[in-house]
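Me: I want to go through this structure and check what each label rests on. Please keep the answers short.

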There are 2 protein chains.
Amino acid sequence: MSERGRPRSFDRASALHRAMEVFWAKGYEGASLSDLTAAMGINSPSLYAAFGSKEALFLEATDLYTRSEGTDIWSTLEEAPTAELAIEGFLTQTAKAYSQADRPQGCLIALGALHQDSTQGLICQDLRRRRAENQAALERRLERAVAEGELPADFDCRTAATFFATVQHGMSIQARDGATYAALMATAAGAMAAWATMAGVRA
Amino acid sequence: MSERGRPRSFDRASALHRAMEVFWAKGYEGASLSDLTAAMGINSPSLYAAFGSKEALFLEATDLYTRSEGTDIWSTLEEAPTAELAIEGFLTQTAKAYSQADRPQGCLIALGALHQDSTQGLICQDLRRRRAENQAALERRLERAVAEGELPADFDCRTAATFFATVQHGMSIQARDGATYAALMATAAGAMAAWATMAGVRA
DNA sequence: TCCTTTCTGTGTTGATCGATACATAATTCA
DNA sequence: TGAATTATGTATCGATCAACACAGAAAGGA
């Protein structure tokens with residue numbers, strides 16, 4: 001049903017994937033429609049017919065990014081047996097994801113649109129919401145560990161979540177500066193040194 | 001001498017200061033010439049006569065930024081009596097500087113131009129160089145502490161410097177997301193927890 | 001077959017981008 | 001005073017921006 005009219009001559013999903021890569025590499029305002037249509041292999045009317053606008057395309061691309069690129073990081077966080085392994089895995093997966101040679105370096109959510117502008121307020125707001133949600137996921141994981149008795153009741157989950165989320169954001173900039181996997185792992189090791197103090201030397 | 005011709009009708013230094021604020025708030029590509037000339041109170045020919053180009057203006061603005069906004073952070077690092085106080089002061093001053101209400105939040109050097117582009121390769125390169133120099137300053141301070149016998153000889157200065165520089169970069173994004181001074185200090189506290197492990201529990 | 005619907009490619013829209021041409025105003029030097 | 005020099009304001013340059021008008025092409029429904 002609803003397949004009337006001329007069929008689309010390109011694959012919408014793979015075109016969206018290409019668009020995601022362009023936004024990832026160049027950011028929202030840095031990615032021009034010429035860049036996008038060239039990478040997607042279509043003309044601008046097709047882009048607007050299929051996605052609505054540059055803004056809507058970006059929102060859909062970030063959604064795809066969250067679903068396709070962030071899974072390893074966040075599934076490790078949830079599934080690791082202890083909070084320490086969860087944070088360590090979170091940082092290690094981040095280091096790995098941010099330094100993949102065949103992809104843009106760093107994180108689309110962190111770097112996609114940092115400078116609020118009248119034309120991109122909605123974009124900034126959406127990315128900010130996603131960053132806040134990521135930090136909240138960290139905090140929930142730590143609170144779970146407190147509830148399960150793994151961490152002491154006075155463990156400051158919010159401060160720790162803020163800290164680890166901020167380290168991850170910093171790793172995006174570090175990766176953009178060309179940091180290797182090893183360099184990112186050095187940062188991860190530093191953050192885990194903080195964990196030792198936060199959780200270890202207590203009882 | 002060399003004061004021939006019609007004198008400039010505006011104060012070059014304060015115009016540069018206004019330009020710095022615009023670049024700081026909007027980034028390099030986000031700051032249009034209209035934004036700049038409006039904030040500087042001049043027309044574009046005056047801008048080009050006085051500064052050469054948008055690119056040259058940005059480079060001069062970042063230089064001013066380094067000289068005027070970064071001084072507290074880096075002087076604390078150098079002058080603190082111990083390495084621990086140096087790092088702690090570095091982080092505290094950063095939290096303070098990044099959350100000033102009357103200024104753009106976060107750091108111009110960290111956020112000014114993250115997406116390399118054909119038109120702004122030189123800008124990215126310059127900011128990258130400045131970030132690397134900041135990290136090198138951290139490393140030198142730690143190496144000094146090792147040389148003075150304050151830290152053990154096997155202290156990994158490079159890893160630590162990488163870690164603290166990355167935390168600072170993350171604080172820029174955190175500040176852009178509206179983090180308060182208290183929230184930034186939570187991150188600073190987390191980073192200092194790492195210091196305790198790195199340097200404290202050793203001998 | 002004809003009508004409706006949807007997509008595609010060409011070409012273009014008004015706006016804005018960074019950067020200047022040009023004539024005029026204001027100063028120093030001779 | 002007149003020549004040389006430098007800055008200013010107006011007005012605009014070609015290029016590019018995001019977005020779309022339009023006509024033709026390709027499908028389904030009757």
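Me: How do the residues of the surface near DNA strand C divide into nonpolar, polar and charged?

Reply: The residues there divide into eight nonpolar, eight polar and seven charged. Ala, Val, Leu, Ile, Met, Phe, Trp, Tyr, Cys and Pro count as nonpolar, Asp, Glu, Lys and Arg as charged, and the others, Gly among them, as polar. This is a predicted model, in which local features need pLDDT of at least 70, side-chain atom pairs count only at pLDDT 80 or more, and totals for chains, interfaces and linings use all residues. Residues are numbered from 1 along each chain as its sequence is written, chains are lettered from A and ligands numbered from 1 in the order in which they are written, and side-chain values use heavy atoms, with hydrogens and water left out.

Me: Which residues around DNA strand C come nearest?

Reply: Arg4(A), Ser9(A), Leu33(B), Tyr48(B) and Lys54(B) come nearest, out of 23 residues around the strand. A residue is near a strand if one of its heavy atoms lies within 4 Å of it. Of the atoms of DNA strand C that come within 4 Å of the protein, sugar and phosphate account for 73%.

Me: What makes the approach of Lys54(B) to DNA strand C a polar contact?

Reply: An N or O atom in the Lys54(B) side chain is 2.7 Å from a phosphate oxygen of the strand. A polar contact is a pair of N or O atoms within 3.5 Å; within protein, one must be able to donate a hydrogen and the other to accept it, and residues adjacent in sequence count only if both atoms are side-chain atoms. The value of 2.7 Å for Lys54(B) therefore qualifies. The side chain of Ser46(A) also has an N or O atom 3.1 Å from a phosphate oxygen of DNA strand C. For a polar side-chain atom of Ser34(B), the distance to a phosphate oxygen of this strand is 3.3 Å.

Me: Which helix gives the most to the surface near DNA strand C?

Reply: Helix 3 of chain B does, with three residues. Helices (H or I, at least four residues) and strands (E, at least two) are DSSP runs, numbered from the N terminus.

Me: Which residues come nearest to DNA strand D?

Reply: Leu33(A), Tyr48(A), Lys54(A), Arg4(B) and Ser9(B), of the 23 around DNA strand D. A polar side-chain atom of Tyr48(A) lies 2.5 Å from a phosphate oxygen of DNA strand D. For an N or O atom in the side chain of Lys54(A), that distance is 2.8 Å. Helix 3 of chain A supplies the largest share of the surface near this strand, three residues.

Me: Why is Arg130(A) called buried?

Reply: Its relative accessible area is 11%. Buried means under 20%, exposed over 50%, partly exposed in between (1.4 Å probe, protein chains only). Arg130(A) is at 11%, so the label holds. Arg130(A) sits in helix 8 (residues 121–147) of chain A.

Me: What does Arg130(A) touch?

Reply: Thr62(A), Asp63(A), Thr66(A) and Ile109(A), not counting residues up to four places away in sequence. Contact means heavy atoms within 4.5 Å. The side chains of Arg130(A) and Thr62(A) make a polar contact at 3.5 Å.

Me: How many residues does the largest nonpolar core have?

Reply: It has 138 residues. Such a core is a set of buried Ala, Val, Leu, Ile, Met, Phe, Trp, Tyr and Cys residues joined through side-chain atoms within 4.5 Å. Phe163(B) is one of those with the most contacts inside it.
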